[in-house]
Amino acid sequence: KNLPLVLEAMKHIIKHNTVIGTNIKYTIIGSGEEGEKLRELTKKLGLQGNVIFAGYINNEIIAEKLLENEVLILPSYSEAIGLVVLEAMANSLPVIVSDKAGASSYVETEKNGYVFKSGDCKDLAKKILEFKDSKKREKFGKESYKKIITEYSVEAIGNRLKSIIEN
């Protein structure tokens with residue numbers, strides 16, 4: 001999943017950006033083998049007050065949990081579909097996605113999110129800082145939702161299938 005990269009980007013932001021400083025928060029949803037290593041890295045980087053380990057979240061309340069955040073970041077080196085990105089977009093969140101993740105195809109740069117260079121913590125930090133403005137987050141979030149409705153809703157997919165069958 002490459003979550004340590006996000007922690008490194010946060011440390012970079014805190015170190016080099018006095019405007020945001022320590023106000024930045026990152027919620028890690030899910031549980032798995034990486035959890036303890038992430039907790040150790042969080043402590044090593046001095047980010048204990050900035051990182052929330054939410055653990056496993058039931059699918060029925062994932063949308064509610066997503067809405068507690070302002071931006072979704074998918075730092076994966078490889079993730080074929082990235083359903084969490086579609087879920088975030090359906091909940092009007094802007095997204096930041098690695099250029100190695102299949103979900104990067106959902107992102108329209110400067111419209112609903114940003115794609116960052118995989119493995120580049122400074123590029124990721126730069127993209128995160130793009131969303132320090134709440135009006136920009138809201139605008140991009142609306143575009144995310146619009147993209148879901150026009151391209152990925154059941155109706156939109158049905159119309160595409162119908163077109164394929166008819167042609």
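**A chat about the largest pocket and a helix contact**

Student: What volume does the largest pocket have?

Tutor: The largest pocket has a volume of about 1300 Å³. A pocket here is an open set of points on a 1 Å grid over the protein atoms alone, where a 1.4 Å probe fits, with protein on both sides within 12 Å along at least five of seven lines. The volume is the space filled by probe spheres set on those points, joined across faces, edges and corners.

Student: Is this model predicted, and what should I keep in mind?

Tutor: This is a predicted model, where local features need pLDDT of at least 70, side-chain atom pairs count only at pLDDT 80 or more, and totals for chains, interfaces and linings use all residues. Residues are numbered from 1 along each chain as its sequence is written, and side-chain values use heavy atoms, with hydrogens and water left out.

Student: How many residues line the largest pocket?

Tutor: The lining has 49 residues (each with an atom within 4 Å of a point), and Tyr26, Thr27, Ile28, Ile29 and Ile73 lie nearest the centre.

Student: New topic. At what angle do α4 and α6 pack?

Tutor: The angle is about 110° (on a scale from 0 to 180 degrees between N-to-C directions), and the axes are 7 Å apart. So α4 is roughly perpendicular to α6, a label for 65 to 115 degrees.

Student: Which residues of α4 make the contact?

Tutor: Leu86, Met89 and Ala90 do, with heavy atoms within 4.5 Å of Ser144, Tyr145, Lys147, Ile148 and Tyr152 of α6.

Student: What pLDDT does the chain average?

Tutor: The average is 91 (pLDDT is the predictor's confidence in each residue, from 0 to 100), and 97% of the residues score at least 70.

Definitions and conventions:
Helix = DSSP H or I, 4+ residues; strand = E, 2+ residues; numbered from the N terminus. Parallel < 35°, antiparallel > 145°, perpendicular 65-115°, else oblique.
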